[in-house]
Amino acid sequence: MNTPIPPRSLRRSRVAPLALLTGAALVLAGCSGSAGAGSANTDAAEAGEPVHGGTLRIAVGSDAGCIDPQQVGNNDSIYSTRQLVDSLTDQDPETGEIVPWLAEGWEINEDATEFTFTLQEGATFSNGDPVDAEAVAANLDRGIELGARASLITSYLEGYSGTEIIDDRTFTVTFDEPSAQFLQATSTHTLGILHPDSAAASDDERCTGVIGSGPFVLENYSPNEGSTFTAREDYDWGSSVWENTGAPYVDGIEFSIVPESGVRAGSLQSGQVDLIGNIAPQDAAQLTGVGAQLLDRTNPGIAMGLRLNHDHEFLSDPLVREAITRGIDREEIVDVTQVEGTPTATSVLSSTTPGYTDLSEALEGDDETVESLLAEAGFEQDSEGYWERDGKRLSFEILWFNVAASNSATVELIQQQLAGHGIEVTLQEGQVADWQNKLNEGDYDANLSNITRADPDILRSEYHTDLKNQSRLEASELDELLDAQASEGDEEARNEIVADAQRTIVENYRLVPVYDLTTVLAAGENVHGVHFDSGSRIHLSNTWIED
Amino acid sequence: MTRYIGIRVLLALAVAWAAYTVTFVILYLIPGDPVSAMAAGGMDGGTASAERLEALREQYGFNDPLPVQYATHLLAAVRGDFGVSVQTGQDVTTAIGQVLAPTAQLASAALVLALLLGGGLAVAASYTRSARLRDLLLSLPPVSVSLPTFWVGLLLIQLFSFQLGLFPAMGDDGIDALVLPALTLALPIGAMIAQVLARSLLEASGEPYVVTARAKGITRGAVHTGHVLRNALLPALTMVGLIAGNLLAGSVIVETVFARPGVGQLTVQAVTLQDLPVIQGVVVLGAVVFIAANLAVDLLLPLVDPRVRVGHSYA
């Protein structure tokens, strides 16, 4: 077919030249740098017995200006705040199964409205007070009152009606409506349990420091600068999936905020830090070249892809949506823009989400499929090779945000690939402060994003038409499926409903899945035992530094 | 003289007010608001309901008509109250106060370096008798000015921190951590000083009084530093305001590259998250520094050069 010239990217990211130069600087470093080229080694077991002591120095790219785990939502902040608190449960990152942590057991009633937990004995907050039923109740009661910053906790506690304290160690959490997702939510950093005094403090006070029962204690937090933590020597109630449930191996942790990705990478190479977050693809090869380990885990939740506004003239047509979905070469996008090891998307849910089903058949395609789909939808090719219907060119805009360095490359590649199929795409970079409004108000055509959550209920938050409904779907049987999984307490039965829901979404092309976002950190070769949780965030209790 | 000072101070106040007003209008015209930015957190967040966001907007006063918001904020700002950061809830004045010291440190270190480097280069270039050396020296400032600061910073880190391990790449822990950022910030400013100073030095060394002084038997070096340099300093002095502005602007980039706490980093964060009160506070701070520097120059000039008076060349 007649291949049109892909339009030049309309708005290039201002960061792109910076990233290029940073890359160049690292290449310079590589030419003259360390000769010891080792292969990535992420297996801590090979390194022998854990060593006690030392301070783990970590550099991350950003700071949310808040150190309260219940009020932060981005990875860079979660890495630190996660260490301060324990959760009622943990989720096995391999199986997705919910396992004991602060709670040694729990019972859920049939319609998933009542959750009765029994706390393990002996857990204390860092000031010595016990972690008891009253403390948990104080956290939940306060959680629903938290302000805009705490949007995660308010969604986890949707429909929360109260907590009944049965005795010191036993309590029942009640919801007005079925909330099967709540059990998984209790495993997240967001529902990490704070000391009742911390819970009672104002939103802003909590941002400056909190008391938890976690393996590390906050010593100092300076917004935009970093934080320091010391290990709790008496810690003895780690999650049941951790190798080390006792006191952490390291004496403390220092987090620094280093916004420049090239400086983070160089600091790791030169031994100024031990662990860095948010690895840019251009830095990855360089890092492994000098013996650093890349630690990666695919995020659970909604796959990175294009959210589609179903009110859009063309995107409301299922044939067009299918043509776009099948017209994208996922392999190429992952190869070009992502760190090695990132999987292509195979469903609306990413492959590490509990209840995930492989639906890749519905996503694959070639020139001919795209052509016949668009022809069937009533389009004809114009002289430039673009498809048009009733004199209007098949065109839409992708709204994207520069939250991950690779986003600009991803949307530009999608633009090129679709142009190759005669579909015109324009790009619009949005500001973080603005994106939520635009999506809520439906003021977009398509939007590149993902959502991290290790529970399939994320489908309900995203696609149920009674909720935000940013895709502007019409009420359908999908709503019923999403409601049904929310009230199904039995895991197997729930997963079957979730599979149906995924099929309904993917086979009706409600979104264009692209890849399964993968969190990549890099660690020095002497760092071992960095544990990823089910949400692809890190636990550092088991981490040790080789001498 | 009193009238001269009065006019200068009034003009300075007018500039501060204009800076405040222009930022206010720009900030409130761009789409989005700090409340949704706060709710957005990371891309993973953002499930706060519309009613909740609305309540918060009401609480922060973002729903009031623009003139009302403007009047309230301006009145408070005149009293030195810039409100609280929407992101952290911290008092804006306190938040800026906390990061003022590291930035002042960086800026003064950079200024000293810039004066030494720029001044030294200008004096050397104007003193040397070798045309080739002079051309070489004079070609350095334009090169230095045209190199992007962040790139220079990254190169310095690459060489002196990652390769040679002489200085840390980040933080503000002691003098060691100050060297590279101060040098990065000093280079373009030193170049600017060198360009202006070298030109006026060359000009001044052609003046008739130089010939007179030499004829009286004073050595070439003594004439150059004693007479020529003193006369050539005047044009350079007028650049102080420009230098102050450049130091502040440069700190935004330098502090980001070197992961140093400071006003620059606070600014970047506030702009990303549309933290309006903090941005307003930082802009006013910048305006005040700029104005103070210029005011100081305006007041100093008539003392140094009696030719400058109100009603004459500088009114």
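This tour moves through a predicted model, stop by stop, with a selection to make at each one.

**Stop 1: the disulfide of chain A**

Begin by selecting Cys66(A) and Cys207(A), which are joined by a disulfide with an S to S distance of 2.2 Å. The structure holds one disulfide over all chains, and this pair links distant parts of the chain, 141 residues apart. Cys66(A) sits in the loop between β1 (55-60) and α2 (75-81) of chain A, while Cys207(A) belongs to helix α7 (residues 203-208) of chain A. With both residues displayed, set up the torsion about the S-S bond: the value is about -80°, so the disulfide is left-handed. Both cysteines are buried.

**Stop 2: salt bridges that involve helix α7**

Keep helix α7 of chain A on display and add Arg206(A) and Asp68(A). These two residues form a salt bridge, and their closest N and O atoms are 2.7 Å apart. Arg206(A) lies in helix α7 of chain A and Asp68(A) in the loop between β1 and α2 of chain A, so that distant parts of the chain, 138 residues apart, are linked. Are Arg206(A) and Asp68(A) buried or exposed? Both are buried.

Next, select Arg142(A) and Asp203(A), whose side chains meet in a salt bridge at 2.8 Å, N to O. Because Arg142(A) lies in helix α3 (residues 133-143) of chain A and Asp203(A) in helix α7 of chain A, the pair ties together parts that are 61 residues apart in sequence. Arg142(A) is buried, as is Asp203(A).

**Stop 3: further salt bridges**

Move to Glu104(A) and Arg169(A), another pair of side chains that meet in a salt bridge, here at 3.0 Å, N to O. The first partner is in strand β4 (residues 103-108) of chain A and the second in the loop between β6 (160-167) and β7 (170-175) of chain A; the two are 65 residues apart and link distant parts of the chain. Glu104(A) has 44% relative accessibility and therefore counts as partly exposed. Arg169(A), at 27% relative accessibility, also counts as partly exposed.

Then select Asp382(A), Glu384(A), Arg393(A) and Glu424(A) together, since a network of salt bridges links them. A search of the whole structure finds 17 salt bridges over all chains.

**Stop 4: the seven-stranded sheet**

Switch to a cartoon view of chain A and locate the open sheet of seven strands, which run in the order β8-β9-β10-β1-β11-β21-β12 with mixed pairing. Which strands form the edges? They are β8 (216-222) and β12 (293-298) of chain A, each of which pairs on one side only.

Zoom in on β12(A) and strand β21 (residues 518-523) of chain A, which pair in the antiparallel sense over six bridges. Two of the bridge partners can be picked out directly: Thr298(A) is matched with Thr518(A) in β21(A), and Asp296(A) with Val520(A) in β21(A). Although an edge strand, β12(A) is mostly covered, with five of its six residues buried.

**Stop 5: Arg453(A) and Ile458(A)**

Select Arg453(A), in the loop between β19 (446-452) and α15 (458-463) of chain A. This arginine is buried yet has no salt bridge. How far away is the nearest side chain of opposite charge? That side chain, Asp457(A), is 4.7 Å away, whereas a salt bridge requires the nitrogen and oxygen to be within 4 Å. Beyond residues up to four places away in sequence, Arg453(A) touches Tyr156(A), Gln181(A), Gln184(A), Ala185(A), Pro300(A), Gly301(A), Thr353(A) and Ile458(A).

From that list, select Ile458(A), found in helix α15 of chain A. With 7% relative accessibility, Ile458(A) counts as buried. Leaving aside neighbours within four places in sequence, Ile458(A) is in contact with Gly301(A), Ile302(A), Leu349(A), Ile451(A) and Arg453(A). For a distance check, pick the C-alpha atoms of Ile458(A) and Leu482(A): the two residues are 24 residues apart along the chain, and these atoms are separated by 9.6 Å.

**Stop 6: an annotated span in chain B**

Finally, select residues 100-301 of chain B, where an unreviewed UniProt entry places the feature "domain: ABC transmembrane type-1". The span is 83% helix and 0% strand, and its end C-alpha atoms lie 28 Å apart.

Notes:
Residues are numbered from 1 along each chain as its sequence is written. Chains are lettered from A and ligands numbered from 1 in the order in which they are written. This is a predicted model: local features need pLDDT of at least 70, side-chain atom pairs count only at pLDDT 80 or more; totals for chains, interfaces and linings use all residues. Side-chain values use heavy atoms; hydrogens and water are left out. Helices (H or I, at least four residues) and strands (E, at least two) are DSSP runs, numbered from the N terminus. Buried means under 20% relative accessible area, exposed over 50%, partly exposed in between (1.4 Å probe, protein chains only). Lys and Arg count as positive and Asp and Glu as negative; His and the chain ends are not counted. Contact means heavy atoms within 4.5 Å. Two strands pair if DSSP finds at least two bridges between them. UniProt positions are given in the numbering used here, feature names are shortened, and annotations may be inferred rather than shown by experiment. A disulfide is a pair of cysteine sulfur atoms within 2.5 Å.
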